[in-house]
Amino acid sequence: MSNTEQTEQTEPSRWEILSRERNARVILCNTADTYVLLDIAKSADRGLKALRSRLLISLPPEEVIPLIEEYTEKVLALHETVKKICKTAKIKYRTPRGINQIQGNNGNGNNSVDASVSASESDNNTLN
């Protein structure tokens with residue numbers, strides 16, 4: 001059996017399998033800023049999951065709810081900053097579905113694309 005045939009029959013790696021999961025995201029980091037943000041997001045995900053699962057069981061609402069509200073405010077502030085960055089860089093930015101849900105824009109077709117960027121400019125520079 002040649003090396004090519006062996007490669008074609010190789011089982012997918014653990015990472016390839018994980019990348020197919022519905023709740024998985026694969027992000028290529030092009031800047032150190034992105035690495036930092038992903039490290040924060042990973043811890044935030046674990047922390048928020050733990051807070052929500054323990055709410056009313058071992059953690060009082062008056063302790064948990066303000067933290068979740070503060071986190072949501074910071075996410076919305078980051079969204080606004082990224083929107084400004086993309087506008088300045090002339091890169092298309094679509095408001096993430098989760099942000100629309102937080103802002104109460106469910107199902108109204110508001111996908112908030114920066115209109116100042118032409119279609120031809122944004123085709124190669126989409127930030128999802």
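1. Lys-90 and the exit from α4. In this predicted model, Lys-90 is placed in the loop between α4 and β1 (92–93). The phi of Lys-90 is near 55°, a positive value in a residue other than glycine. This positive phi comes just after α4, so the backbone feature is located directly behind the end of that helix. With 48% relative accessibility, Lys-90 counts as partly exposed.

2. Leu-56 and the exit from α3. A positive phi also follows α3, where Leu-56 has a value near 75°. Leu-56 is not a glycine, and its place is in the loop between α3 and α4. The relative accessible area of Leu-56 is 68%, and the residue is therefore exposed, the cut-off being over 50%.

3. Leu-55 in the α3–α4 loop. Leu-55 likewise lies in the loop between α3 and α4. It has a relative accessible area of 25% and is classed as partly exposed. Leaving aside residues up to four places away in sequence, Leu-55 touches Pro-60, Pro-61 and Val-64. Of these partners, Val-64 is among the buried residues of α4. Leu-55 and Ile-65 are 10 residues apart along the chain, and their C-alpha atoms are separated by 8.8 Å.

4. Helix α3. This helix covers residues 32–54, which makes 23 residues. From its first C-alpha to its last it reaches 33 Å, close to the 33 Å expected at 1.5 Å a residue. Which residues of α3 are buried? They are Ala-44, Leu-48 and Leu-51. These buried residues of α3 pack against α4.

5. Helix α4. Helix α4 spans residues 61–89 and has 29 residues. Its reach from first to last C-alpha is 41 Å, close to the 42 Å expected at 1.5 Å a residue. The buried positions in α4 are Val-64, Ile-68, His-79 and Cys-86.

6. The surroundings of His-79. His-79 is found in helix α4. Is this residue buried or exposed? At 4% relative accessibility His-79 counts as buried, because that value is under the 20% cut-off. Not counting residues up to four places away in sequence, the contacts of His-79 are Tyr-93, Thr-95, Pro-96, Ile-99 and Gln-103. Tyr-93 belongs to β1 (92–93), so one of the contacts of His-79 is with a residue of that strand.

7. The salt bridge. How many salt bridges does a search of the whole structure find? The search finds 1 salt bridge. It is formed by Lys-83 and Glu-80, whose closest N and O atoms are 3.6 Å apart. This distance meets the criterion because it falls within 4 Å. Both residues are in helix α4, 3 residues apart, and are thus separated by about one helical turn. Side chains of opposite charge can pair when their charged atoms come close. Lys-83 counts as partly exposed at 26% relative accessibility, and Glu-80 counts as partly exposed at 32%.

8. The second largest pocket. The volume of this pocket is about 270 Å³. Its lining consists of Arg-14, Trp-15, Leu-18, Ser-19, Glu-21, Asn-23, Ala-24, Arg-25 and Val-26. By class, the lining residues divide into 4 nonpolar, 2 polar and 3 charged. The charged group is made up of Arg-14, Glu-21 and Arg-25, because Arg and Glu count as charged. Ser-19 and Asn-23 are the polar members, because neither residue type is listed as nonpolar or charged.

9. The chain as a whole. The secondary structure of the protein chain comes to 6 helices and 2 strands. Read from the N terminus, the elements run α-α-α-α-β-α-α-β. Of the 128 residues of the protein chain, 13% count as buried. Among contacts with a separation of 6 or more, residues 24 or more positions apart account for 39%.

Conventions. Residues numbered from 1 in each chain as written. Predicted model: local features only at pLDDT ≥ 70, side-chain atom pairs only at ≥ 80, totals over all residues. Heavy atoms only, no water. Salt bridge = Lys/Arg side-chain N within 4 Å of Asp/Glu carboxyl O. Helix = DSSP H or I, 4+ residues; strand = E, 2+ residues; numbered from the N terminus. Buried < 20%, exposed > 50% of the residue type's maximum accessible area, 1.4 Å probe, protein only. 1 Å grid on protein atoms, 1.4 Å probe; cavity = no way out; pocket = protein on both sides within 12 Å on 5 of 7 lines; lining within 4 Å. Points joined across faces, edges and corners; volume = space filled by probe spheres on them. Expected span 1.5 Å × (residues − 1). Contact = heavy atoms within 4.5 Å.
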